[in-house]
Amino acid sequence: MASLTLNKLNKSFGDTHIIKDVDLTIGDGEFVVFVGPSGCGKSTLLRLVAGLESISDGELKIGETLVNDLPPRERGVGMVFQSYALYPHMTVYENMAFGLKLAKTAEQTVRDRVLETARILQLEELLDRKPKALSGGQRQRVAMGRAMAREPRILLFDEPLSNLDASLRVQMRNEIARLHHRLGSTVIYVTHDQVEAMTLADQIVVLNGGHIEQVGSPQELYQRPATRFVAGFIGSPTMNFLPAALREGHAEGCRVSLSGIGELTLPQSAAALDEHAALTLGVRPEHLSLDEAQGSNAFEIVNVEYLGNEVYVYLDSGQSDELLIHRSEAPSRWEIGQKAALVPSLANVHLFDGEGRALPLTSTRDAA
Amino acid sequence: MNTRFAKSLVKRIAFWALIAVLLVYAIFPFYYAVITSLKPSSALFQVDYWLSSVDFSNYITIFSQGSFVQAIINSVIVAVSVVAIALLLGVTAAYALGRVRFRGRTTVMMVVLGVSMFPQVAVLSGLFEVIRVLNLYNSAGGLILSYTIFTLPFTVWVLTTFMRQLPMELEEAAIMDGATPWVTITKVFLPLMWPAMATTGLLAFIAAWNEFLFALTFTLTSEERTVPVAIALISGGSQHELPWGPIMAASVTVTVPLVILVMIFQRRIVSGLTAGAVKG
């Protein structure tokens, strides 16, 4: 177990700058998830930690040791690959023992460690099988076992569940969470699936274009996204964004006007901004209620999705191609073709400035 | 109904007739060699297509010559060494060319391929000088060296292609487990590369086993000759007699190891030659 410190970490492939000045501290025993769209550099960042890619600039410390130039085996990290990458010609036992044997561990210790790992992962029955005789979930567990058998200080997961089908994914997600809870090891987990990120993480690191957008607990990221990108990335269905214009802004709050909806008084501080500045108002589907259409506040319902426990109502925003989403408990009285007025819950809306940064709240409140 | 039946019958007959032609075309020369080798020399020039009696005198003749047995031993030594060296160098080169990113990798591959395009005769005199300088003339070493030169390009190309198809993550997993490149090659890649190794190894063996021109040029005495040369130099009692019987017996004897090897490895060859063609 160990902490991990990234200090102004950079990585370039030729002229392409992939990782830009990443600063990050991961505490001992934390489960950290790197999440972001494809090409955001999350896998590269993981491979830098693993030692599979060389660091172009910056410092990487595990515990108190600078490990920039150490090979993977001396960093004390174990990695689970997306394709599992099990050695096809070795049995499950040999797969898990391979690293230990290379480290010249005493035979008895190898045996004990492998058996102990197999017990934790419930692989005891499968030790003599070859990978091709295993199911997807079992292979996944063997890959984890191989990474864990050497008792690494940090466990790295590179999109480990993306090769599994949906139901198995939920099951394995659960197993990984329980395993972490039991072993308390430091884990870095890369995924593009925000549900995995939300359910597993102590800390989520949202990456975009090679830099960190925001680091925080799942609640923080959901309730107080620091940027419009994070707001749009976390949460499903995604947050609704509406263009808004600043009417009046001071330290205690602000007034904005939205086309159709009219003027709203919000608790965000807009003192730093000019009047008439173009803002974006963000509101989650569950905080956007519908009412009888009145005057210009009338949006056409273009689709209604019934999911059993809840209903998604899609509305034409009238301004962009993107539909607005309202989410409520089933049943819903709204039907396709009707017009409805939008009523955002004022305590739960987010405001973003022209650069996509969230405006701070004037006082603490319970956003959700 | 009848016409359709007739049509399908004709098709079938034509199909099998074609196969028969192909079989005769491919097998008859070898078959005739076997038959000839089993005839006493007195019956040699009677044209028979079936054996009426089996006579092993030709085989006894060649195996009672010490030089022929010595030639077989030489051939085995040379061919096995060539295969071993070619596979060792081929696998390590394939790792470098298939897995390590470095400048000029494609150029090296092209040069390797280009080398294999020269006909043997073109390099014969140059190679002769090299072998004389290295003091390998009239020794197994000279043959091993020259055969390896011609075997390596093919070996390297096939093994590199195969190595590239092994998933990158497999190697990275080995690196994470603390494996050095050598351990990765021997413990992880080699077991997965047996089909390709069997294919290239067998082809290298056949090439070295059957090679004639270099063997004739680079050896002088019968103690160092390999089988193809030894067969060519089998002579009869007089200048005007060509001993067909012993020559055929020797040829058949020499072909047997190849046939056995191909039979042992045939499944591997097929999977080696098609590996990666479909499955990525």
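## Exercises on a predicted model

Six bridges connect strands β11 (residues 240-250) and β12 (residues 253-258) of chain A, and the two run antiparallel. Keep in mind as you work that this is a predicted model.

**Exercise 1.** Find the residue of β12(A) that stands opposite A:Glu248, then place β11 and β12 in their sheet.

*Solution.* Start with the pair: A:Glu248 has A:Arg255 of β12(A) opposite it. Next, widen the view to the open sheet of chain A, where five strands follow the order β13-β12-β11-β14-β20 with antiparallel pairing. Then look at the edges: β13 (262-266) and β20 (350-352) of chain A each pair on one side only. Finally, check the twist: neighbouring strands of this sheet are turned by 40 degrees against each other on average, ignoring direction.

**Exercise 2.** Describe the side of chain B that touches chain A.

*Solution.* Begin with the head count: chain B brings 14 residues to the contact and chain A brings 16. On the chain B side, α7 (168-176) and α8 (181-192) are the elements giving two or more residues. The largest share, six residues, belongs to α7(B). Now sort this side of chain B by character: 10 residues are nonpolar, one is polar and three are charged.

**Exercise 3.** Identify the residues that touch the most other members of the largest nonpolar core, and list the contacts of A:Leu156.

*Solution.* The core holds 157 residues, and A:Val33, A:Val49, A:Leu156 and A:Ile188 touch the most other members. Helix α3 (residues 66-99) of chain B supplies the largest share of this core, 12 residues. Now take A:Leu156: leaving out residues up to four places away in sequence, its contacts are A:Leu46, A:Val49, A:Ala50, A:Val77, A:Gly78, A:Met79, A:Val80 and A:Ile188.

Methods:
Residues are numbered from 1 along each chain as its sequence is written. Chains are lettered from A and ligands numbered from 1 in the order in which they are written. This is a predicted model: local features need pLDDT of at least 70, side-chain atom pairs count only at pLDDT 80 or more; totals for chains, interfaces and linings use all residues. Two strands pair if DSSP finds at least two bridges between them. Helices (H or I, at least four residues) and strands (E, at least two) are DSSP runs, numbered from the N terminus. Axes are lines fitted to C-alpha atoms, for helices over the stretch in contact, and angles run from 0 to 180 degrees between N-to-C directions. Two residues are in contact if their C-beta atoms, placed from the backbone, lie within 7 Å. Ala, Val, Leu, Ile, Met, Phe, Trp, Tyr, Cys and Pro count as nonpolar, Asp, Glu, Lys and Arg as charged, and the others, Gly among them, as polar. A nonpolar core is a set of buried Ala, Val, Leu, Ile, Met, Phe, Trp, Tyr and Cys residues joined through C-beta atoms within 7 Å. A residue is buried if 20 or more other C-beta atoms lie within 10 Å of its own, exposed if 12 or fewer, and partly exposed in between; C-beta atoms are placed from the backbone.
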